[in-house]
Amino acid sequence: MTSRRETQLLSRAAEYSAAALRNIRKEFPNDIRSTMQFPGDFPNRPRDLYPAFYGCFDWHSCVEMHWLLVRLLRTTPDAIPTDDIRTTLNEHLTADALEGEAETFRTKGSRARPYGWGWALMLHHEIATWDDPDARTWSAGLAPLSAAVTDAFLQWLPKQTYPIRTGAHNNSAFGLSRALPYAKRQAAAGDGALLAAIQDAATRWFSTDADYPADWEPSGADFLSPALTEVELQACLLPPKDFTAWFDRFLPQLPAALLTPATVSDDGDGQLAHLRGLNLSRAWCWLRLADSLPATDPRQPLLISAAEAHADPELDHVSGSDYMVEHWLACYAVLYLTAGDRDHAGKGAPMRDAPQRAET
């Protein structure tokens, strides 16, 4: 039986993939932030710094929209322009372009810590776990960038004494959650350094949290919920019984502030438009929470209802609206619509790859 979200995804996959294709190719306008070391130390154009991820207004949005296209190729290939998507990804994810991305990351750094870092590793994980000829090529090309990002995480996490509990790019919990599937896969292959660093940071930052003041959310420019992203990360890291006990201490009550969708007053204002992403990322978190609590938990119906109430009104705002919305929001729609246990171990049914067609 096709689920409600699968039906929604199939009906919108072509629209969302078209939005992603438009935007990853759109070089201008572009928000580049770089510390200048001498006169003229600034790129002439975004492609000079980011030969693969030059579009979508900023680097981290471009990375996550590439993830969206790979996710849709894996799940809804018959509903999207697969040839166009593969051609575009083959143009962007070349070995030379990705080596250039790795060099920029090593020498210039990335302002989107840990958000963009986590999405870069999430993109590699999505590609590396797909049995597909193109994916194997893209995965090999991404290795230098992923190595640079991993090194940055390993240098940063031990020094980050306190978590950052905001609803934007420097949110600590969400960045770690995005990096975690890659870290788990690396650990399974024998390199557990990143996974250990993530587990250590999450334990230091979050293990004793209780009575979180969630009534204070949201802030005016949030696209993430500090409360729910922390919950989602802990659900990925803790054994089920330990997680339930932790969650009951963290949010003994589910406040109306988290259950009520945020109101967006102006899509043309890039900060206010973040709230559309907040509604979709909250919806994803509610689903992840529902998947992590016991099936008999009486809160289950409320969690699913909250997810749908947050997501349903936003799914029609992903494309055809202001560029400040369109250059990134489809990623969060697809994150919600494809939520399952591919990324993190969970009890629910996994999001399955679509059947592979024979190569010709």
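**Exercise 1. State how much surface the chain exposes and what share of it carbon and sulfur atoms supply.**

Solution. In this predicted model, the exposed area of the chain is about 14900 Å². Carbon and sulfur atoms supply 53% of that area. As for burial, 57% of the 360 residues count as buried.

**Exercise 2. Decide which radius of gyration a compact globule of 360 residues would have, and compare the chain with it.**

Solution. Step one: for 360 residues, the expected radius of gyration of a compact globule is near 21 Å. Step two: the chain has 19 Å, which agrees with the expectation. Step three: the C-alpha trace spans about 55 × 45 × 45 Å along its principal axes. Step four: among contacts with a separation of 6 or more, 77% are between residues 24 or more positions apart.

**Exercise 3. Give the secondary structure count of the chain, then find how far apart the mean positions of its positive and negative charges are.**

Solution. The chain has 16 helices and zero strands. It carries 33 positive and 47 negative charges. The mean positions of these two sets are 2 Å apart.

**Exercise 4. Determine whether Glu-64 is buried or exposed, and list what it touches.**

Solution. Start with its place: Glu-64 belongs to helix α3. Its relative accessibility is 1%, and buried means under 20%, so Glu-64 counts as buried. Leaving out residues up to four places away in sequence, Glu-64 touches Tyr-115, Trp-119, Trp-328, Cys-331 and Tyr-332. With Trp-119 there is also a polar contact between the side chains, at 3.1 Å. For a distance across the chain, take Leu-275: 211 residues separate it from Glu-64 in sequence, and their C-alpha atoms are 18 Å apart.

Helix α3 covers residues 59-75 and also holds Thr-75. Thr-75 counts as buried because its relative accessibility is 16%. Its side chain reaches the backbone oxygen of Arg-71 at 2.8 Å.

**Exercise 5. Work out how many residues of helix α16 are buried, and what follows for its surroundings.**

Solution. The helix runs over residues 329-337. Nine of its nine residues are buried, so α16 is largely enclosed by the rest of the structure. Among the buried residues are Cys-331 and Tyr-332, both of which also touch Glu-64.

**Exercise 6. Describe the surroundings of Leu-303.**

Solution. Leu-303 is in helix α14, residues 300-311. With a relative accessible area of 0%, it is buried. Not counting residues up to four places away in sequence, Leu-303 touches Leu-254, Trp-286, Leu-289, Ala-290 and Leu-293. Arg-288 lies 15 residues from Leu-303 along the chain, with a C-alpha separation of 9.4 Å.

**Exercise 7. Find which peptide bonds are cis and which residues other than glycine have a positive phi.**

Solution. Most residues other than glycine have a negative phi, and most peptide bonds are trans, so departures from either rule are worth listing.

- Phe-28 and Pro-29 are joined by a cis peptide bond, with omega about -5 degrees; Pro-29 is in the loop between α1 and α2.
- Glu-217 and Pro-218 are joined by a cis peptide bond, with omega about -5 degrees; Pro-218 is in the loop between α9 and α10.
- Cys-56 has a positive phi near 60 degrees. It is in the loop between α2 and α3 and is buried at 0% relative accessibility.
- Phe-57 has a positive phi of about 75 degrees. It is in the loop between α2 and α3 and is buried, with a relative accessible area of 17%.

Terms used: Residues numbered from 1 in each chain as written. Predicted model: local features only at pLDDT ≥ 70, side-chain atom pairs only at ≥ 80, totals over all residues. Heavy atoms only, no water. Helix = DSSP H or I, 4+ residues; strand = E, 2+ residues; numbered from the N terminus. Rg over C-alpha atoms; globule rule 2.2 N^0.38 Å. Buried < 20%, exposed > 50% of the residue type's maximum accessible area, 1.4 Å probe, protein only. Contact = heavy atoms within 4.5 Å. Areas by Shrake-Rupley, 256 points an atom, 1.4 Å probe, with all protein chains shown as cover. Lys, Arg positive; Asp, Glu negative; His and termini not counted. Charge placed at Lys NZ, Arg CZ, Asp CG, Glu CD. Polar contact = N/O pair within 3.5 Å; in protein donor to acceptor, adjacent residues only side chain to side chain.
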